[in-house]
Amino acid sequence: MRRNAFAMRLKPGCEAEYKKRHDEIWPELKDELRKAGVSDYSIYLDNKTNTLFAFQYLADDATNDDLPQKEIIKKWWHMMKDVMDTNPDESPVSSTLIEMFHLD
């Protein structure tokens, strides 16, 4: 199992809508993430900077690199593009975070 963390940006004033959409996340999207080996996935908001901090575990044989090609992922990105900074393909602008410390 590997730990994975990344950051994204929420557009100002979109906190409640972002939370609502994730509270109502589609079951088929959750299934696709699990099939790809993603588990224990959390997203936190730094409301001073509108930075979203995401953390997840990835199975050793995770296929999460294939997720951007999945239709359900593209549909989710399309729905989320109005509340987040996105790339031209509507994926969230994100940056990988480097683990500096871990305590089991």
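**Questions about a predicted model**

Modeller: Let me start with a detail of the hairpin of S2 and S3: four residues lie between the strands, and asparagine 50 there takes a positive phi near 60°. Please keep in mind that this is a predicted model.

Colleague: Thanks! What makes S2 and S3 a pair of strands?

Modeller: Pairing calls for at least two bridges found by DSSP. Seven bridges join S2 to S3, so the two count as paired, and they run antiparallel. One of the residues involved is aspartate 46, whose bridge partner in S3 is threonine 51.

Colleague: And how do you know that S1 pairs with S3?

Modeller: By the same kind of reasoning. Strand S1 (residues 2-9) and strand S3 (residues 51-58) are joined by eight bridges, against a requirement of at least two, so they pair too. Their directions are antiparallel. Arginine 2, for example, has leucine 58 in S3 as its bridge partner.

Colleague: Why are S2 and S4 called edge strands?

Modeller: The order of the four strands in the open sheet is S2-S3-S1-S4, with antiparallel pairing. Strand S2 (38-46) and strand S4 (94-96) each pair on one side only, and that makes them the edge strands. From one strand to the next, the twist averages 25°.

Colleague: Let's turn to glutamate 32. Why is glutamate 32 called buried or exposed?

Modeller: Buried means under 20% relative accessible area. Glutamate 32 has 13%, so this residue is called buried. Its place is in helix H2.

Colleague: Which residues does glutamate 32 touch, leaving out those up to four places away in sequence?

Modeller: Those are Leu67, Lys70 and Ile72. Contact here means heavy atoms within 4.5 Å.

Colleague: Now the largest pocket, please. How much space lies in it, and which residues are closest to its centre?

Modeller: The space comes to about 1,100 Å³. The lining has 38 residues, and Phe6, Leu33, Tyr41, Ile43 and Gln56 are the closest to the centre.

Colleague: Which elements supply at least two residues of that lining?

Modeller: The strands S1, S2, S3 and S4 do, along with helix H1 (15-23), helix H2 (27-35) and helix H3 (71-80). The largest share, eight residues, comes from S2.

Colleague: How does the lining of the largest pocket divide by class?

Modeller: There are 22 nonpolar, nine polar and seven charged residues in the lining. Of the residues closest to the centre, Phe6, Leu33, Tyr41 and Ile43 belong to types that count as nonpolar.

Conventions: Residues are numbered from 1 along each chain as its sequence is written. This is a predicted model: local features need pLDDT of at least 70, side-chain atom pairs count only at pLDDT 80 or more; totals for chains, interfaces and linings use all residues. Side-chain values use heavy atoms; hydrogens and water are left out. Axes are lines fitted to C-alpha atoms, for helices over the stretch in contact, and angles run from 0 to 180 degrees between N-to-C directions. On a 1 Å grid over the protein atoms alone, a cavity is a set of points where a 1.4 Å probe fits but cannot get out, and a pocket is an open set with protein on both sides within 12 Å along at least five of seven lines; lining residues have an atom within 4 Å of a point. Grid points are joined across faces, edges and corners, and a volume is the space filled by probe spheres set on the points. Buried means under 20% relative accessible area, exposed over 50%, partly exposed in between (1.4 Å probe, protein chains only).
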